[in-house]
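Student: I've got a new model open and I'd like to learn how to read it. Could you walk me through it?

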Amino acid sequence: ENEDGEKEEDQKQQHNNNNDNDDIVAEHFHLNCVSTIHLIRMILPKLVKGDSQIVICTASLAIIARSPYGLQSATKAALKSFIDALRIELRGKTRVMNIMP
């Protein structure tokens, strides 16, 4: 192949790698954050009606990022922020706790 053909192939490969990386990021956020938020939102009406509490166990990575766990830290921090906001919104109705071992 000529130089232009090689450059074009390299660009296609880089684009594919970026898409794979984007998929990995999306999968991590779905697994560590979005799925938990969906579950909480599904059961929240029943929890608020009774004497209940929500306990979420995340990780200390939500507070202090460490290498090589940047993506894990980001997803746990996002979930922590959601739980913190939920605690404020549900104050007096449902107890919300976040445990971070």
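Tutor: We'll go from the overall layout to the helix, the strands, the cysteines and a loop. Keep in mind that this is a predicted model.

Student: Let's begin with the layout. How many helices and strands are there in the chain?

Tutor: You'll find 2 helices and 2 strands. Walk along the sequence and they come in the order α-β-α-β.

Student: And how much of the chain counts as buried?

Tutor: Of its 101 residues, 23% are buried. The exposed surface comes to about 7300 Å², and carbon and sulfur atoms provide 54% of that. As for contacts, take those between residues at least 6 apart in sequence: 64% of them link residues at least 24 apart.

Student: Now helix 2. What span should its 20 residues have, and what do the end C-alpha atoms give?

Tutor: Helix 2 covers residues 70-89, and at 1.5 Å a residue it should span 28 Å. The C-alpha atoms at its ends are 29 Å apart, which agrees.

Student: How do I work out which way the residues of a helix point?

Tutor: Here's the general idea: an α-helix has 3.6 residues a turn, so residues three or four places apart point the same way. In this structure, the buried residues of helix 2 are Ser-73, Thr-75, Lys-76, Leu-79, Ile-83 and Leu-86. They cover an arc of only 165 degrees around the axis, so they sit on the same side of helix 2. On the face turned away from that buried side you get the exposed residues Ile-88 and Glu-89.

Student: Is Phe-82 buried, exposed or partly exposed?

Tutor: Phe-82, which belongs to helix 2, is partly exposed, because its relative accessible area is 23% and the buried class stops under 20%. Leaving out residues up to four places away in sequence, Phe-82 touches Ile-37 and Ile-40. Ile-37 is 45 residues away along the chain, yet its C-alpha atom is 7.8 Å from that of Phe-82.

Student: On to the strands. In which sense do strand 1 and strand 2 pair?

Tutor: Parallel, over 5 bridges. Strand 1 takes in residues 53-57, and strand 2 takes in residues 95-99. To read the pairing, look across from one strand to the other: Ile-56 faces Asn-98, and Cys-57 faces Ile-99.

Student: Which side chains of strand 1 point to which face?

Tutor: They alternate: Ile-54 and Ile-56 go to one face and are buried, whereas Gln-53, Val-55 and Cys-57 go to the other and are not. Strand 2 has two faces as well, with Val-96 and Asn-98 on the covered one and Arg-95, Met-97 and Ile-99 on the uncovered one.

Student: What should I check about cysteines?

Tutor: Start with the general point: a disulfide is a covalent bond between the sulfur atoms of two cysteines. Searching the whole structure turns up 0 of them. Then look at the surroundings: Cys-33 counts as buried because its relative accessibility is 5%, while Cys-57 is exposed at 53%.

Student: One last thing: which peptide bond is cis?

Tutor: Go to the bond from Ser-67 to Pro-68, where omega is near 5 degrees. Pro-68 sits in the loop between strand 1 and helix 2.

Note on methods:
Residues are numbered from 1 along each chain as its sequence is written. This is a predicted model: local features need pLDDT of at least 70, side-chain atom pairs count only at pLDDT 80 or more; totals for chains, interfaces and linings use all residues. Side-chain values use heavy atoms; hydrogens and water are left out. Helices (H or I, at least four residues) and strands (E, at least two) are DSSP runs, numbered from the N terminus. Buried means under 20% relative accessible area, exposed over 50%, partly exposed in between (1.4 Å probe, protein chains only). Contact means heavy atoms within 4.5 Å. Accessible areas come from the Shrake-Rupley method with a 1.4 Å probe; for residues, only the protein chains shown count as cover. The expected span of a helix is 1.5 Å times one less than its number of residues. The arc is that of the directions from the helix axis to the C-beta atoms. A disulfide is a pair of cysteine sulfur atoms within 2.5 Å. Two strands pair if DSSP finds at least two bridges between them.
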